[in-house]
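Visitor: I am new to this structure, and I would like to understand the reasons behind the words used to describe it. Could you take me through them step by step?

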Amino acid sequence: MSYTVELICVPLPDSDKQAWVKIFQLREEYYDDEREKSSALLELHKKLTARYSCLCDCSDDEVDDCPWADGPMINNFGHEMGMLAISFSRVEEVLPFIIETALALNIIVADAQSNEIHRVLPLKKPHQKPWYRFW
């Protein structure tokens, strides 16, 4: 067993309820999808494995400490979505890095275990001083 998150490279409905319906549809299509892998997911793979080696690249001594629950990880990435299986013992450490890195690449992270969808947020406007403050 592992902690699994989906990485979504296509727009999702604003409503979480409708978004989960779309995610379930993407899951069904994911297993038979033979199209080329998303360039965003390939970039994410590069960034994730730069920090945490793929399970298949770990030596026998390192396998137990690897945060990934399966490998080769690249095989879990497709055209519209990818999946990551994380070892439960490393979720608290690795999941925030996955979310931050994916969002920076405009990839949505869906976490069915927590029922959260982490989306790319619009850029915030720089903080403006109130009209009555001149300094």
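Visitor: What makes the contact of Arg-119 with Asp-16 a salt bridge?

Guide: Please keep in mind that this is a predicted model. The closest N and O atoms of Arg-119 and Asp-16 are 2.9 Å apart, and a salt bridge asks for a side-chain nitrogen of Lys or Arg within 4 Å of a carboxyl oxygen of Asp or Glu, so the pair qualifies. Arg-119 lies in the segment after strand E4 (116–118), while Asp-16 belongs to helix H1 (residues 16–30), so the bridge ties together parts that are 103 residues apart in sequence.

Visitor: Why is Asp-16 called partly exposed?

Guide: The relative accessible area of Asp-16 is 38%, and the term covers values between the 20% under which a residue is buried and the 50% over which a residue is exposed, so Asp-16 falls in the middle class.

Visitor: How do you know that Lys-47 and Glu-43 form a salt bridge?

Guide: Their closest N and O atoms are 3.7 Å apart, and the cut-off is 4 Å, so this pair also counts. Both residues lie in helix H2 (residues 39–51), four residues apart, which is about one turn of the helix. An α-helix has 3.6 residues a turn, so residues three or four places apart point the same way. Lys-47 is partly exposed at 37% relative accessible area, and Glu-43 is partly exposed at 28%.

Visitor: Why does Arg-90 count as buried, and what is the class of Glu-93?

Guide: Arg-90 has 18% relative accessibility, and buried means under 20%, so Arg-90 counts as buried. Glu-93, at 40%, counts as partly exposed. The side chains of Arg-90 and Glu-93 meet in a salt bridge, with 2.7 Å from N to O.

Visitor: How many salt bridges are there in the whole structure, and which residues form a network?

Guide: A search of the whole structure finds six salt bridges, and a network of them links Asp-33, Arg-35 and Glu-80.

Visitor: How do you know that the span of helix H3 agrees with what is expected?

Guide: Helix H3 (residues 91–104) has 14 residues, which at 1.5 Å a residue should span 20 Å, and its end C-alpha atoms are 20 Å apart, so the two values agree. The buried residues of H3 include Val-94, Leu-95, Phe-97 and Ile-98, and what covers the buried residues of this helix includes strand E1 (3–8), H2, strand E2 (81–86), strand E3 (108–111) and E4. Just after H3, Asn-106 takes a positive phi of about 60°.

Visitor: Why is the pair of Tyr-52 and Trp-68 called edge-to-face?

Guide: Their ring centres are 6.3 Å apart and their planes stand at 85°, while a pair needs centres within 6.5 Å and counts as edge-to-face over 60 degrees, so both conditions are met. Both Tyr-52 and Trp-68 are buried.

Visitor: What makes Tyr-52 and Phe-97 an edge-to-face pair as well?

Guide: Here the ring centres are 5.9 Å apart and the planes are at 75°, so the pair is edge-to-face. This pair links distant parts of the chain, with Tyr-52 in the loop between H2 and E2 and Phe-97 in helix H3, 45 residues apart. Tyr-52 has a relative accessible area of 9% and Phe-97 one of 15%, and since buried means under 20%, both are buried. Ring pairs link Tyr-52, Trp-68 and Phe-97 into a cluster, and Arg-51 lies over the face of Phe-97, at 4.2 Å from the ring centre.

Visitor: Which residues touch the most other members of the largest nonpolar core?

Guide: Of its 24 residues, Leu-7, Leu-48, Trp-68, Leu-84, Ile-86 and Ile-98 touch the most other members. The largest share of this core, seven residues, comes from H3. A second, separate core of 13 residues includes Ile-8, Val-10, Tyr-30 and Met-83.

Visitor: How do you know that Met-81 is buried?

Guide: Met-81, which is found in strand E2, has a relative accessible area of 2%, and buried means under 20%, so Met-81 is buried. Leaving aside neighbours within four places in sequence, the residues in contact with Met-81 include Leu-7, Ile-8, Leu-26 and Tyr-30.

Terms used:
Residues numbered from 1 in each chain as written. Predicted model: local features only at pLDDT ≥ 70, side-chain atom pairs only at ≥ 80, totals over all residues. Heavy atoms only, no water. Helix = DSSP H or I, 4+ residues; strand = E, 2+ residues; numbered from the N terminus. Buried < 20%, exposed > 50% of the residue type's maximum accessible area, 1.4 Å probe, protein only. Expected span 1.5 Å × (residues − 1). Contact = heavy atoms within 4.5 Å. Phe/Tyr/Trp six-rings, centres within 6.5 Å; stacked < 30°, edge-to-face > 60°. Lys NZ or Arg CZ within 6 Å of the ring centre and 35° of its normal. Core = buried A, V, L, I, M, F, W, Y, C linked by side-chain atoms within 4.5 Å.
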